[in-house]
Amino acid sequence: MYEILKTVNSPEDVKKLSSAQLETLAEDIRAALFNRLTKIGGHCGPNFGIVETTIAMHYVFDSPKDKFVFDVSHQSYPHKMLTGRRNGYINDDCFKEDSGYTNPEESEHDLFNIGHTSTSISLATGLAKARDLKGQKHNVIALIGDGSLSGGEALEALNFAGSELKSNLIIIVNDNQQSIAEVHGGLYYNLTKLRQSNGKAADNFFKSLGLDYIYEENGNDIQAMIKALQKVKDINHPVVLHINTQKGKGFELAEKNREAWHWCMPFDKDTGEWKITFPAESYTGLTTEYIMNKAKTDKDFVVITPAMPMTAGLSADLREKLGAQYVDTGITEEHAVAMASGIAKAEGKPLIVTNATFMQRTYDQVSQDVCINNNPVTILLNYASCVGLTDVTHLGIFAVSMFSNIPNLVVLAPTCKEEYLNMLDWSVEQKEHPVVIVMPGNAVTSRKADSDFSQINTFKVEKTGEKVAILALGDFYQKGEELAMQIEKNLGFKPTLINPRFASGLDEKLLNDLKVNHQLVITLEDGILEGGFGYKVAAFYAPSAMKVKNYGLNKEFYDRYNPDELLRKLGITSEQITEDIRKLI
C-alpha cells in the first residue's frame, strides 16, 4: 500500500513521476485520507476533491520558492502528504503530528496557520507585493473554493488584485458548486454561467474587475490541470484559473451528500456510519426544536446563518420547511449582522446563529450597526467554550471577553436547558437590547429557571451560605456546584453559590451584600480571564477588603488540547480550587 506515496519526500519527487505513477499517487493519497479520516475524522469532501489539483500544483510549481496559500486550508491534506508529512496520514502513531490546517511550524511549504475563510487572496497579494518590492521572481498562488468567494475579504482582495497589482498572482478558483451547505449569492450564478459556457460567457465577474481569466473543465484530471497550470506559471499579471471539480471525489458517499461529508467524525468506510455516538439531547438539538416551533407560531421571526446551518441543526429538509424565515447569507458574517440590524429596525425578530469563532469577524458590525443603534438583534454563539473545537484557528474562548465590553450589548450565559430556552425566547421577543447568548458547551442539564431577564445584570443566588461566594458563569455553573459540595465536605462550611447569568455586567447590590459575611469570592468562567467576567468582579472589589480569585483560561492561542488536561493544568478542578480556598481563608 502507498507504493508511490512512500517515495515522495518532497515536491521534487512528484516531478520525477510518470503520468501513470501520478495516477497511482492520487489513489495512494485517497487511501491515506481514508486511513486518517476513518480513525480520527476531519475535513473530508474538500480534501478528496482537491487531490488531482494538488498533485498538478506540485508538479508544475516549485514550492517553497513558489508560494502556495490555501483558503481556510481545510483542503491541504494532500499538500501535506506531498511535502514530507505523509506519516500523519499513513501511520496511525503519527496522526497528532499534523494539524488539520496549514501550519508553518510543521513545514516551510506552509506559509500561514489558517482556519477561517476568504483570506487566501488577500494574503497572497501581500506576498506578491513584498516579492515585487524586493525584486524577486517567483509565483504566488492562492487556492480558494468551498464557497469562500462570497466572503467580503475575498471580494476586497479580488477588487485590489484586478486593478492595483501589476505582477504575477495566480488565483485558482476551485468551483465544486458547494460551500459547507449549498452556495448562496449572485457570484455563484455567474460561476454557473461560466461553467455552462466553458468559460466563454459574456458576463464574467473576474474580467469585470480587470483580472485575466482561464477556465478548466476537468479539475479532477491531473494531466489537464498540469497543462492549465503550465499556461499560467510565471505569468506577469494577476490571473484567475477557474476549475470545475467534484467535492468528495473518489468517495461515493461524499460525492452524493456533499454537505454531510464536508467534515466528519471517525467513520466506517463501508457503511459511512460514525463511530462516535452522541447524547440523545444536546443544546444544538434544543436550538433546532426552538427555531422550528418559533417559526410556526411567529411569522416575524427569521433565523439567519452565514453558511453554518448545521450549527443549529438545520438540515436541508428543515431549511426548506422554514422557507422565507430562513436566510443563509453565504460566508458573510458581517453582512448577516448588519442585515439582522435592519430586520430588527423594521420590527422583525432576527436570530443569528453561527460558531463563536466566526463571529470574531463582525466586531465592527456588532458595535456600529447593532449596538450604537440599540437594535434588538439576537446572536446565538455555538462552540463558545473550551470544549468542542480545540484547533487554534477555531477557538471560542474569546467570545465573552470580546463581546461583553461593547456598550448596550447584553451577553447571557445560560446554565441549563430551561434557562437556555427561556433566554432565547426572552431575547427574541424583547425590544430593548441587542443580545448575545453563549450556548453551553457541556452536557445538557435540567432544573428550574427564570423566564424574564429584563432586570439586566441581576444575578441569581442559587444557594445561600457564608465565607466564600462562588460566581459560576454559564456552563461552568456545574463546576460551581461541584466546588460547593467539595468545600462543604472538606472545609466544613456551606458556601454561597451564584448564577450570574449576565456576562456583560455586574449586580453591584448583590456584590456589596456579600461583603457582610463573606471573605472570598471565587469566579469561574469558560473563557479567557483578561477582559472577561471575573476581572470585572475583581475590579469591583479592588477598593475593599474582599479577596477575589478568578478561574478561567489564559489569553493564549491553545491548539489541539485535551480540555480536561488543560483545566487541570490551569488549576480549575474542585480539588485544586478547594486547596486554594483553604490557603486563602
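Let's start with the sheet built from strands 14 to 18. It has five strands, it is open, and the order runs 14-16-15-17-18. The pairing is mixed. This is a predicted model, so keep that in mind throughout. Which strands are at the edges? Strand 14, residues 460-463, and strand 18, residues 547-553. Each of them pairs on one side only. From one strand to the next, the twist averages 25°.

Look inside that sheet for a moment. Strand 15 covers residues 467-472, and strand 16 covers residues 496-499. The two run parallel, joined by three bridges. One position to click on is A469, which stands opposite T496 in strand 16.

Now the helix on this sheet. Helix 19, residues 477-491, lies across strand 14, strand 15, strand 16 and strand 17. Its direction is at about 160° to strand 15.

Next, empty space. The structure holds five cavities of 30 Å³ or more. I'll take two of them.

The largest cavity has about 110 Å³ of space. Its lining counts 13 residues. Nearest the centre are A413, V438, G474, D475 and D526. Which element gives the largest share of that lining? Strand 17, residues 518-528, with three residues. By class, the lining has eight nonpolar, two polar and three charged residues.

The second largest cavity has about 60 Å³ of space. Here 15 residues form the lining, and D146, G147, N174, D175 and Y188 lie nearest the centre. Strand 3, strand 4 and helix 9, residues 186-196, each give two or more residues to this lining. Strand 4 has the largest share, at three residues. The class split is six nonpolar, seven polar and two charged.

Strands 3 and 4 take us to the other sheet. It is also open, with five strands in the order 2-3-4-6-5. Here the pairing is parallel. Why is one side of strand 2 and of strand 5 left without a neighbour in the sheet? Strand 2 (67-70) and strand 5 (212-216) stand at the edges, so each has a single partner strand. The twist averages 20° from one strand to the next.

Take one pair from this sheet. Strand 4, residues 169-175, meets strand 6, residues 238-244, over seven parallel bridges. Within that pair, L169 has P238 of strand 6 as its bridge partner.

Two helices on this sheet deserve a look. Helix 4, residues 51-60, packs on the sheet and touches strand 2, strand 3 (140-145), strand 4 and strand 6. Its direction makes about 160° with that of strand 2. Helix 11 lies across strand 4, strand 5 and strand 6. Relative to strand 6, helix 11 runs at about 170°.

Helix 11 has a helix partner as well. How do helix 2 and helix 11 cross? The axes of helix 2 (residues 19-40) and helix 11 (residues 222-232) come within 10 Å and cross at roughly 110°. The two helices are therefore roughly perpendicular to each other. On the helix 2 side, the contact uses S19, L22, E23 and A26. On the helix 11 side, I222, Q223 and I226 take part. By class, this contact has four nonpolar, two polar and one charged residue.

To recap the sheets: one is mixed, in the order 14-16-15-17-18, and one is parallel, in the order 2-3-4-6-5. That's my tour.

Definitions and conventions
Residues numbered from 1 in each chain as written. Predicted model: local features only at pLDDT ≥ 70, side-chain atom pairs only at ≥ 80, totals over all residues. Heavy atoms only, no water. Axes fitted to C-alpha atoms, helices over the stretch in contact; angles between N-to-C directions. Helix = DSSP H or I, 4+ residues; strand = E, 2+ residues; numbered from the N terminus. Parallel < 35°, antiparallel > 145°, perpendicular 65-115°, else oblique. Contact = heavy atoms within 4.5 Å. Nonpolar A, V, L, I, M, F, W, Y, C, P; charged D, E, K, R; others polar. Pairing = 2+ DSSP bridges. 1 Å grid on protein atoms, 1.4 Å probe; cavity = no way out; pocket = protein on both sides within 12 Å on 5 of 7 lines; lining within 4 Å. Points joined across faces, edges and corners; volume = space filled by probe spheres on them.
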